[in-house]
Amino acid sequence: MSDDKRVVHIRTTADIHNAIFAVQALARENGMKEGVSAAIATAVSELVTNVLKYAGTGRVSYQTVKRAKRLGIEAVVQDTGPGIMDIEEAMKESVSTSGTLGLGLPGAKRLVDEFEITSTVDRGTTVKVVKWG
Ligand SMILES: Nc1ncnc2c1ncn2[C@@H]1O[C@H](COP(=O)(O)OP(=O)(O)OP(=O)(O)O)[C@@H](O)[C@H]1O
Ligand SMILES: [Mg+2]
């Protein structure tokens, strides 16, 4: 049951909360500690906020993953927006093209165990995060 991939569509700011709630619920269903569920949910909320801000719309797909008996939560946040020209630069703290703090991407990366970002200008951005329980 919990192996199914689930999706939250990102269209409005309410979807930030929908994504947080959904990812936390999956983590809790699978008996993960509060700290694990909070970490992945917070990372996802930053990524969803970026989708709304820079791309407008997108989606989060999330599921449980297993590796060598370890259980984790994987979330993939993707959009087909403008993309990121310089990923290395965008990952630095205090780098923002919108005049905010520029902590979202580096902060999200710190909260999870695995973080993969791919982006193509004019095609969009995909960020995959995994938090092991
Ligand atoms: N999904 C995305 N599509 C296009 N550009 C993005 C996307 N996500 C991040 N970026 C770019 O990467 C930069 C850094 O993102 P990050 O989330 O770290 O900071 P921020 O959104 O500018 O500020 P904060 O998250 O602290 O409010 C952004 O300013 C933006 O230029
Ligand atoms: Mg941000």
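Which residues is alanine 19 in contact with, leaving aside its neighbours within four places in sequence? I began my notebook with this point. I found that alanine 19 is in contact with Val8, Val44, Ser45, Val48 and Val60. I note at the outset that the model I consulted is a predicted one.

**Entry 1: alanine 19**

I looked up the place of alanine 19 and found it in helix H1. I then asked whether alanine 19 is buried or exposed. Alanine 19 has 25 C-beta neighbours inside 10 Å, and 20 or more suffice for a residue to be buried, so alanine 19 counts as buried. I also looked up one distance: the C-alpha atoms of alanine 19 and valine 8 are separated by 6.2 Å, although these residues stand eleven places apart along the chain.

**Entry 2: helix H1**

I next turned to the helix as a whole. Helix H1 covers residues 14–29. I compared its span with expectation: the 16 residues of H1 should span 22 Å at 1.5 Å a residue, and the end C-alpha atoms are 23 Å apart, which agrees. I listed the buried residues of H1 as Asp15, Ala19, Val23, Gln24, Leu26 and Ala27. I found that their cover includes S1, H2, S2 and S3. After H1 comes glycine 31, and I recorded a positive phi near 75° for this residue.

**Entry 3: the sheet**

I then traced the strands. I found an open sheet of five strands in the order S1-S2-S3-S5-S4, with antiparallel pairing. Strand S1 (6–10) and strand S4 (114–120) are its edge strands, each of them pairing on one side only. On average, neighbouring strands of this sheet are turned by 15° against each other, direction ignored. Helix H1 packs on the sheet, where it touches S1, strand S2 (58–67) and S3. The direction of H1 makes about 165° with that of S1.

As general background, I reminded myself that strands of a sheet pair through backbone hydrogen bonds, either parallel or antiparallel.

I looked up two of the pairings in detail. Strand S3 (residues 70–79) and strand S5 (residues 124–132) run antiparallel and are joined by eight bridges. Glutamate 74 has valine 130 in S5 as its bridge partner. S4 and S5 also run antiparallel, joined by seven bridges. Here I noted that isoleucine 117 has valine 127 in S5 as its bridge partner.

**Entry 4: two positive phi values**

Where does aspartate 122 lie? I located aspartate 122 in the loop between S4 and S5. The hairpin of these strands has three residues between them. Aspartate 122 is not a glycine, yet its phi is positive, about 70°. Only 12 or fewer other C-beta atoms within 10 Å make a residue exposed; aspartate 122 has 8, and therefore is exposed.

I placed serine 94 in the loop between helix H3 (87–90) and H4. Serine 94 is likewise a residue other than glycine with a positive phi, near 70°. I found serine 94 to be exposed, with 8 other C-beta atoms within 10 Å.

**Entry 5: helix H2**

I examined helix H2 (34–55) next. H2 has 22 residues and reaches 31 Å from its first C-alpha to its last, close to the 32 Å expected at 1.5 Å a residue. The buried residues of H2 include Val36, Ala39, Ile40, Val44, Leu47, Val48 and Asn50. I noted that the buried residues of H2 pack against S1, H1, S2, S3, H4 and S5.

Alanine 38 also lies in helix H2. I counted alanine 38 as partly exposed, with 17 other C-beta atoms within 10 Å. The C-alpha atoms of alanine 38 and glutamine 24 are separated by 6.9 Å, and the two residues are 14 apart along the chain. Just after H2, I recorded a positive phi of about 95° for glycine 56.

**Entry 6: ligand 1**

Which residues come nearest to ligand 1? Of the 24 residues around ligand 1, I found that Asn50, Ser96, Thr97, Thr100 and Gly104 come nearest. By class, the shell has eleven nonpolar, ten polar and three charged residues. Helix H2 and helix H4 (104–111) each supply at least two residues of this shell. The largest share, six residues, comes from H2. I noted that Asn50 is also among the buried residues of H2.

Technical notes:
Residues numbered from 1 in each chain as written. Chains lettered and ligands numbered in written order. Predicted model: local features only at pLDDT ≥ 70, side-chain atom pairs only at ≥ 80, totals over all residues. Pairing = 2+ DSSP bridges. Helix = DSSP H or I, 4+ residues; strand = E, 2+ residues; numbered from the N terminus. Axes fitted to C-alpha atoms, helices over the stretch in contact; angles between N-to-C directions. Contact = placed C-beta atoms within 7 Å. Near = placed C-beta within 6 Å. Nonpolar A, V, L, I, M, F, W, Y, C, P; charged D, E, K, R; others polar. Expected span 1.5 Å × (residues − 1).
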